[in-house]
Amino acid sequence: MTTASGDEPAPRAVEAVASLIESRLTIAVAESLTGGLLAAELIGVPGASAAVRGAVVAYDTRLKHSVLGVDAGLLALHGAVHPEVALQMADGVRRALAVDGIPADVGIATTGVAGPDPQDGQPVGTVFVGIVTRAGGRVVPLALDGGRQVIRQQTVAAALEALVHELGRLA
């Protein structure tokens, strides 16, 4: 996987960006626990600007509501680590990063617990990846093991895998 030191982009990131460009689709990214790592993977692919609109790192739960439009009642009831939150984040970032009033074609979001402590009643390693397209949305639940950095990296890898799968379904 790509690191801040400039290693080669992850193969799944290359595949995802190529698929987006080939299909003439745009993507917007919303991240919580991954803190920009997913967007960095996508943007690390040469030519990504043809498809990647941008990203919102909504690490503070309040931003999930104020910027991404996640339902405040849902956040109050379940906290940020919930499958519906991931879906709403993915849908919200599509709209938040609209260009000329046109939402991005694909929204992808990560939310979960990287540790070291549980959050919102969820154990460390509980993660949800949400993907929303004009055809609908789906959530990929993950139960990951490892330390904080490992969980964040595994989340990015799983999100890229889910994105490639979803783009294949749209083709």
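User: Let me start with one residue. Where is the place of Val140?

Analyst: Happy to start there: Val140 sits in strand 5. Keep in mind as we go that this is a predicted model.

User: Is Val140 buried or exposed?

Analyst: The general idea is to compare the relative accessible area with a cut-off, and buried means under 20%. Val140 has a relative accessible area of 17%, so it counts as buried.

User: Which residues does Val140 touch, leaving out those up to four places away in sequence?

Analyst: With those sequence neighbours set aside, the list is Val127, Phe128, Val129 and Ala162. You can also look at distances along the chain and in space together. Val140 and Gln88 are 52 residues apart along the chain, and their C-alpha atoms are separated by 13 Å.

User: Ala162 came up among those contacts. Where is Ala162 found?

Analyst: Ala162 belongs to helix 6. Its relative accessible area is 6%, so Ala162 is buried. Beyond the neighbours within four places in sequence, Ala162 is in contact with Ile131, Arg138 and Val140. Here is another pair to find in the viewer: the C-alpha atoms of Ala162 and Ala16 are separated by 9.7 Å, with their positions 146 residues apart along the chain.

User: Let me step back to the whole chain. How many helices and strands are there in the protein chain?

Analyst: The protein chain has six helices and five strands. Read from the N terminus, their order is α-β-α-β-α-α-α-β-β-β-α. The radius of gyration is 15 Å, close to the 16 Å that the globule rule gives for 171 residues, so the protein chain is as compact as a globular protein of that length. For the outline, the C-alpha trace spans about 40 × 35 × 25 Å along its principal axes.

User: How should I read burial and contacts across the chain?

Analyst: Two percentages help here. Of the 171 residues, 47% count as buried. Then take the contacts with a separation of 6 or more: residues 24 or more positions apart account for 63% of them.

User: What do carbon and sulfur atoms supply of the area that the protein chain exposes?

Analyst: They supply 55% of it, and the protein chain exposes about 7,900 Å². For charge, one can compare mean positions: those of the 12 positive and 17 negative charges are 5 Å apart.

User: Now the interior. Which residues in the largest nonpolar core touch the most other members?

Analyst: That core has 34 residues, and Ile27, Leu42, Ile108 and Leu163 touch the most other members. Several elements give two or more residues to this core, including helix 1 (11–22), strand 1 (27–31), helix 2 (37–43) and strand 3 (106–112). Helix 6 gives the most, with nine residues. To see one member in place, pick Leu163: setting aside residues up to four places away in sequence, Leu163 touches Ala16, Ile27, Leu42, Val106, Ile108 and Ile131. Apart from this core lies another, of 17 residues, among them Ala28, Val70, Val85 and Met89.

User: What about the end of a strand? Which residues does Thr133 touch, not counting residues up to four places away in sequence?

Analyst: Thr133 lies in strand 4, which covers residues 126–133. Its relative accessibility is 6%, so Thr133 counts as buried. With the sequence neighbours left out, Thr133 touches Arg94, Asp105, Val106, Glu166 and Leu170.

User: I also like to check the backbone. Which peptide bond is cis, with omega near 15 degrees?

Analyst: The omega angle tells you how to read a peptide bond, and the bond from Gly115 to Pro116 is the cis one, with omega near 15 degrees. Pro116 lies in the loop between strand 3 and strand 4.

User: And what is phi of Asp100?

Analyst: Phi of Asp100 is near 55 degrees, a positive value in a residue other than glycine. Asp100 is placed in the loop between helix 5 (83–96) and strand 3. At 77% relative accessibility, Asp100 counts as exposed. Asp120, which is not a glycine either, has a positive phi of about 50 degrees. You will find Asp120 in the loop between strand 3 and strand 4, and with a relative accessible area of 38% Asp120 is partly exposed.

Note on methods: Residues numbered from 1 in each chain as written. Predicted model: local features only at pLDDT ≥ 70, side-chain atom pairs only at ≥ 80, totals over all residues. Heavy atoms only, no water. Helix = DSSP H or I, 4+ residues; strand = E, 2+ residues; numbered from the N terminus. Buried < 20%, exposed > 50% of the residue type's maximum accessible area, 1.4 Å probe, protein only. Contact = heavy atoms within 4.5 Å. Rg over C-alpha atoms; globule rule 2.2 N^0.38 Å. Areas by Shrake-Rupley, 256 points an atom, 1.4 Å probe, with all protein chains shown as cover. Lys, Arg positive; Asp, Glu negative; His and termini not counted. Charge placed at Lys NZ, Arg CZ, Asp CG, Glu CD. Core = buried A, V, L, I, M, F, W, Y, C linked by side-chain atoms within 4.5 Å.
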